[in-house]
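User: Please take a close look at the strand pairing in this model: which strands lie beside which, and where the edges and turns fall. Add the pocket and the cysteines at the end, if there is something to say about them.

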Amino acid sequence: MNVKTAKIILTINIIILILSIPGFILLNNYLEHSNSNPNNTTASPSPDIASNPNETIEPNVTENPEDTADKGWTALVPNEIDIEKESLPSSHNFKWDVVKDGQKLDTYSRNDTIVFGPPNEYNEIDGVTTFRGNNYRNSASYGFANIREEKLEKVWSVKIGYIDTWTGVGWNGQPSIVKWDDNLRRKMNLFQDKKNKDDLKEVIYATLDGKIYFLDLDDGSHTRNPINVGASLKGSVTVDPRGYPLLYSGQGIDEVEGKKVPIGFRIYSLLDQKLLYFINGLDNTSFRYWGAFDSSPLLHKETDSLFLCGENGLLYSIKLNTDYVPTQPAISINPDITKYRYTSPVKGRLGTENSIAAFKNFGYFADNSGTLQCVDLNTLSPVWVRNITDDTDSTMAIEDLGGSNVFVYIANEVDLQGENGYSFVRKINALTGSLLWEKKYKCSYNVDTNGGALASPVVGKNEISDLVIFSIAKSYKKNGGKLIAFDKNTGDEVWVIDSDFYSWSSPVDIYTKDGKAYIIHCDSAGYMNLIEGKSGKILDKIPLGGNVEGSPAVYNDMIVVGTRGQQIWGIKIK
């Protein structure tokens, strides 16, 4: 072979090698995919495979809980979850049934599937629509605050009244604050100047003087006349998160000037403020004959279904059958109600005062007996049950870190235990019911003013994403309290504020656009505190002139909260 022939052969081999490289790469990717998916028999593309052949796919990566496009936000199947044995309903001899039209059902199946989405998808309207904001009950603030001076400033106040000894705003009284669609705003029965105000944010507040107030967030002026229910309202209103003109409100007290009055739950049209529906809380099918509703409901938008807990011990599943014609406008409902009832395995004292939280098709609530339940909302049957020591009025919060990393943060009050009882702060796996950590705090007891946790926790985000913050009443001294930031992973205390005044008011987390965290916390002496979230340093403190049992809601840099001193306050964070 001469030199010329050798060069030609070498050149041909090099060309063949170059042309073969892409084929080897494709073959290698195919073999890697086949080996990682042994059941695959074809080379069809998978959504789990990176489009870039050089991109590394890490197994079991925690998904972003806010990104639901690819994660398959589908209903959970209880039989596929390894429920902790201690939390199995059978371990508690737990008994329940489903009631419809006054009759116990032998079987129950829902025609449409309930799957709540992530909390950032709960509201289709700007603002805070329900107690603690969404189905995870993890935020009572909307938007961002532009904070420069780290000061609180009183902007406005509105005088309200009382019924008998029930004054002002009580527990858990949180307002809703919403910015209506422009077309809808012009068609509601707002005062004319408010109809014409394009940037109107309406504050809606139910109070102990028996009225639901409608106020302008900017200056506290009335946007329309109050709804006069005529009986004290302790709970928090809910605005329909779809932006529909529907308002949901529970009643707390059944007596006015020594006379009994109807007690229950009401649904109003906000086109004209007319009552559309009343649920009588004194239900003959319930195991407790008491009709109050301090709970706030959750609405599942896709199925037009409302879920509500009552102090009669019932969980209501309400198909609203809403007919909304925005062009007229007109709205009507024709509720179809199914009820879940049970007997407590802990004590006979039924009744739920906290607000139901939901992850996908699992609903969570605790009751006056100290029973915490996870209920499959599609079958109205318990998934798991825990004894959490004592009456629990505080609404829990959910944290979703993706996959099986879903948690419930909850704490009880000191009621059934009596003097020297403990408030237990707990982190629980929301899917399996297993206890991850708990801390306990001894609290003083008073039959009228309970110690322990009446406030709902803050699940930290942004720069305090490692913290969960609880307020514990009457744990520092007889009428004092503690605000405690716990490490989410370990339960260790990160910072603690000891106060001479207890608090039933839920703390609220607020954030700037760059993620800096602040906490608003109010107490029984009538003070509002602005706290640096990371350190627990109190930055500012202002008096509001009365015990703050209610919980604030925040829209950007404006805070609204009411007091037992018969005032609703608008406070600016500067």
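Analyst: **Strand pairing, sheet by sheet**

An open sheet is built from 5 strands in the order E3-E8-E9-E10-E11, with antiparallel pairing. Its edges are strand E3 (126-128) and strand E11 (227-228); each has a single partner strand, so one side of each is left without a neighbour in the sheet. The model is a predicted one. Within this sheet, strand E8 (residues 176-179) runs antiparallel to strand E9 (residues 202-206), and 3 bridges join the two. At one position of this pairing, Ile177 stands opposite Val203 in E9.

Another open sheet has 4 strands, in the order E24-E25-E26-E27, and its pairing is antiparallel as well. Strand E24 (357-359) and strand E27 (381-387) are the edge strands, each pairing on one side only. From one strand to the next, the twist averages 20°. E24 pairs with strand E25 (residues 362-366) in the antiparallel sense, over 3 bridges. Ala358 has Gly363 in E25 as its bridge partner.

Strand E44 (residues 567-573) deserves a separate look. Which strands pair with E44? One is strand E5 (residues 152-159), joined to E44 by 7 bridges and running antiparallel to it. Here the bridge partner of Lys154 is Ile571 in E44. Another is strand E43 (residues 558-563), which pairs with E44 in the antiparallel sense over 6 bridges. In that pairing Gly562 stands opposite Ile568 in E44. E43 and E44 form a hairpin, with 3 residues between them. Gln566 lies in the turn of this hairpin and has a positive phi of about 65°.

Is E44 enclosed or open to the outside? Because 6 of its 7 residues are buried, E44 is largely enclosed by the rest of the structure. The cut-off behind that word is a relative accessible area under 20%.

A further hairpin is made by E36 and E37, with 5 residues between the strands. Strand E36 (residues 481-487) and strand E37 (residues 493-499) pair in the antiparallel sense over 6 bridges. Leu483 has Ile497 in E37 as its bridge partner. In this hairpin, Gly491 takes a positive phi, near 80°.

Away from the strands, there is the second largest pocket, which holds about 640 Å³ of space. Its lining consists of 28 residues. Which of them lie nearest the centre of the pocket? These are Trp166, Lys234, Glu353, Asp448 and Trp504. By class, the lining has 13 charged, 9 nonpolar and 6 polar residues.

As for the cysteines, how many disulfides does the model contain? The count comes to 0 disulfides, where the rule asks for a pair of cysteine sulfur atoms within 2.5 Å. Cys309 has a relative accessibility of 1% and therefore counts as buried. Cys374, at 0% relative accessibility, counts as buried too.

To return to the strands: E5 and E43 both pair with E44 in the antiparallel sense, and most of E44 is buried, with 6 of its 7 residues counted so. The two open sheets, E3-E8-E9-E10-E11 and E24-E25-E26-E27, are antiparallel in their pairing.

Key. Residues are numbered from 1 along each chain as its sequence is written. This is a predicted model: local features need pLDDT of at least 70, side-chain atom pairs count only at pLDDT 80 or more; totals for chains, interfaces and linings use all residues. Side-chain values use heavy atoms; hydrogens and water are left out. Buried means under 20% relative accessible area, exposed over 50%, partly exposed in between (1.4 Å probe, protein chains only). On a 1 Å grid over the protein atoms alone, a cavity is a set of points where a 1.4 Å probe fits but cannot get out, and a pocket is an open set with protein on both sides within 12 Å along at least five of seven lines; lining residues have an atom within 4 Å of a point. Grid points are joined across faces, edges and corners, and a volume is the space filled by probe spheres set on the points. Ala, Val, Leu, Ile, Met, Phe, Trp, Tyr, Cys and Pro count as nonpolar, Asp, Glu, Lys and Arg as charged, and the others, Gly among them, as polar. Two strands pair if DSSP finds at least two bridges between them. Axes are lines fitted to C-alpha atoms, for helices over the stretch in contact, and angles run from 0 to 180 degrees between N-to-C directions.
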